[in-house]
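The exercises below are meant to be worked through with the sequence and the structure at hand. Try each task before reading its solution.

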Amino acid sequence: MHHLERDVVIVGAGATGLTAAAALQRARLSVIVLEARDRVGGRLWTNHIDGQLYEIGGQWVSPDQTALLETLDELGLDTYERYRAGDSVYVGPDGVAKRFTGDIFPAGPETEAEIARLIDLLDELVAQTDPAAPWQHPRAAEFDRVPFDAWLAEQSDDAEARDNVALFIAGAMLTKPPHAFSLLQALLMAASAGSFSNLVDADFILDRRVVGGLQQVPLRLAEQLGDDDLRLGHPVTALHWADDRVVAETADVTVSARRAIVAVPPNLYSRIRYDPPLPLFRHQLQQHQSLGLVIKVHATYRTPFWRDHGLSATAFSPYQLVHEAYDNSNHGESRGTLVGFVSDEKADALLTLPADERKRRILDSLATYYGPEALDPEVYYESDWAAEEWTQGAYAASFDLGGLTRYGALQLQPVGALRFGSSDLAAEGYQHVDGAIRVGRRLAAEVVESLAAAPTAPAASTPPGGTA
Ligand SMILES: Cc1cc2nc3c(=O)[nH]c(=O)nc-3n(C[C@H](O)[C@H](O)[C@H](O)COP(=O)(O)OP(=O)(O)OC[C@H]3O[C@@H](n4cnc5c(N)ncnc54)[C@H](O)[C@@H]3O)c2cc1C
């Protein structure tokens, strides 16, 4: 067993962990990042499938994501706008594709007015919600016990309006059915993006992409670490901790440090053994956060044929298997790529089917939006993050009913020398790369501050747990 010493050990080489590592190095602290996978980036993964470059995980950047935009600038990465010229498509409960422009779906004047009214109502509640502390909303306890679909049912008896408004948060963001999370959780999601209207506005929330792929953020951050400061294929199995010291264990190395940042999604905290065990309320907290489920579907065609038909490829329907889809053609390519999403209960059902049947159903759904040309892609791929041992779902974690008010504040608190964080715990940029960067910066600042206040002790002196 190889033994190392650092000021700070970081578990996880996603955007959070690597942002924290870069900030700590700037503060002249020694770090090591221990990563379970054989690559950096976690939920960011730009990869070639049958010769075609795909963003298997996160990809879009929106104008409010200023921490991410700053990072892209610092790393010298260029962005480009998502293709959006032309009409969008909506499929209502009748299964008929209708073209439209703007944000409100062509569901008939009464339903359209009802959708606009519900969005206004949600915007008002979101404006009262602090994404850094949604549990402080004056009606937090009440809002956290009502499922989002039940709250919508109290507000409107127009089912199509409700289905559409639910889609923006449920299928499209938390990737859980709208009965599985609270109104307060929905308000946090929208508040983290500035407003509910921002979530509805695809041109805002899915504005730009990074030339060459968003995984370049973690890849370039990782390049700034010394060869000995990043270990891939090193799942951390145990953390022996006290107030001022910690020892991280993997199969091959132990690291003694003064602080640890556990930069993994909350559903994976319990893959690590803690010695001594974590405080009891943290054991509870960890059982109230879970990742959603979404399949990201990529289909590449010889040309972006939809553009010839005056379509932007932006498509929505709460009634379709693929509930939203977009033009996802890469910068400078002549081929055309569509990306679509199959979420929560629809993904459950789809994932029980053989691969060829899944593909047939997904392409049928795309053909409902774009016509029969969608049935015959040259390259086809489904990103399945639920199958990834070191993620186990997508896009990110949210609380169950009532969990946010019971445990939301606790998730931000350190435990002795340990600090926990990922995009799943962010305020602004919650569930997004922007949030991961903000959390990485915050955790690094907290560590620097706590070490400045602590008496200087060599990292390796009498490590807790006695494993060194
Ligand atoms: C399909 C998909 C689409 C998305 N689309 C977008 C988008 O368009 N825009 C956007 O901003 N965001 C998007 N996101 C979300 C975004 O990718 C994530 O919020 C962000 O990348 C999370 O970064 P993180 O560092 O907090 O966590 P992660 O990326 O999950 O990093 C955690 C790391 O910890 C490692 N790890 C876990 N356990 C251990 C252990 N015991 N020991 C060592 N290492 C461990 C993991 O392997 C991983 O590398 C998307 C996500 C998915 C999955």
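## Unusual backbone geometry

The place of Tyr395 is in the loop between β21 (379-384) and β22 (397-399), in a model that is predicted.

**Exercise 1.** Find which residues are joined by a cis peptide bond in the loop that holds Tyr395, and then find a second cis peptide bond that involves Pro276.

*Solution.* Begin with the background, which is that most peptide bonds are trans. Reading omega at Tyr395, one finds a cis peptide bond to Ala394, with a value of about -5 degrees. Turning next to Pro276, which lies in the loop between β15 (273-275) and α11 (280-285), one finds that a cis bond joins Asp275 to Pro276, with omega about 0 degrees.

**Exercise 2.** Locate Ala313 and Asp344, each of which has a positive phi although it is not a glycine, and decide for each whether it is buried or partly exposed.

*Solution.* The starting point is that most residues other than glycine have a negative phi. Ala313, with a phi of about 85 degrees, is found in strand β18 (residues 311-316), and it counts as buried because it has 31 C-beta neighbours inside 10 Å, where 20 or more are required. Asp344, with a phi of about 35 degrees, is found in helix α13 (residues 344-350), and its 19 C-beta neighbours inside 10 Å place Asp344 in the partly exposed class.

## Helices and their surroundings

**Exercise 3.** Identify the buried residues of helix α2 (residues 66-74) and work out how they are arranged about the helix axis.

*Solution.* The first step is to list the buried residues of α2, which are Ala67, Leu68, Thr71 and Leu72. Seen down the axis of α2, these buried residues fall within an arc of 135 degrees, so they line one face of the helix. A useful background point is that an α-helix has 3.6 residues a turn, so residues three or four places apart point the same way. The next step is to look at the face turned away from the buried side of α2, which carries the exposed residues Asp73 and Glu74. Then ask what covers the buried residues: the elements that do so include β6 (79-81), β9 (208-210), α10 (216-223) and α16. Finally, follow the chain just past α2, where Gly76 takes a positive phi of about 70 degrees.

**Exercise 4.** Determine how many of the residues of helix α7 (residues 183-191) are buried.

*Solution.* Going along α7, one finds Leu183, Leu184, Gln185, Ala186, Leu187, Leu188, Met189, Ala190 and Ala191 to be buried. This amounts to 9 of the 9 residues, so α7 is largely enclosed by the rest of the structure.

## Core, domains and ligand shell

**Exercise 5.** Establish which residues touch the most other members of the largest nonpolar core, and which helix gives the most to this core.

*Solution.* The largest nonpolar core has 134 residues, and those touching the most other members are Ile169, Ala190 and Ala260. Helix α6 (residues 159-174) gives the most to this core, with 10 residues. The core also draws at least three residues from each of domain 1 (2-42 + 215-278 + 415-466) and domain 2 (46-63 + 79-84 + 205-212 + 293-387). To examine one of the well-connected members, take Ala260 and leave aside its neighbours within four places in sequence; its contacts are then Val9, Val11, Leu239, Val246, Ala248, Ala417 and Leu418.

**Exercise 6.** Describe the shell around the ligand by its closest residues, its classes and the parts of the protein that supply it.

*Solution.* Start with the count, which gives 41 residues surrounding the ligand, the closest being Gly12, Gly14, Gly42, Gly58 and Ser422. Sorting the shell by class yields 21 nonpolar, 14 polar and 6 charged residues. Among the helices, α1 (15-26) and α16 (433-453) each supply at least two residues of the shell. At the level of domains, at least three residues of the shell come from each of domain 1 and domain 2, whose C-alpha centres lie 34 Å apart.

**Exercise 7.** Find which residues Ile295 is in contact with, once its neighbours within four places in sequence are left aside.

*Solution.* Ile295 is found in strand β17 (residues 294-301), where it is buried, with 23 other C-beta atoms within 10 Å. Its contacts are Val342, Ala347, Leu350, Glu382, Ser383 and Asp384.

Technical notes:
Residues are numbered from 1 along each chain as its sequence is written. This is a predicted model: local features need pLDDT of at least 70, side-chain atom pairs count only at pLDDT 80 or more; totals for chains, interfaces and linings use all residues. Helices (H or I, at least four residues) and strands (E, at least two) are DSSP runs, numbered from the N terminus. A residue is buried if 20 or more other C-beta atoms lie within 10 Å of its own, exposed if 12 or fewer, and partly exposed in between; C-beta atoms are placed from the backbone. A residue is near a molecule or strand if its C-beta atom, placed from the backbone, lies within 6 Å of it. Ala, Val, Leu, Ile, Met, Phe, Trp, Tyr, Cys and Pro count as nonpolar, Asp, Glu, Lys and Arg as charged, and the others, Gly among them, as polar. Domain bounds come from an automatic or database domain assignment. A nonpolar core is a set of buried Ala, Val, Leu, Ile, Met, Phe, Trp, Tyr and Cys residues joined through C-beta atoms within 7 Å. Two residues are in contact if their C-beta atoms, placed from the backbone, lie within 7 Å. The arc is that of the directions from the helix axis to the C-beta atoms.
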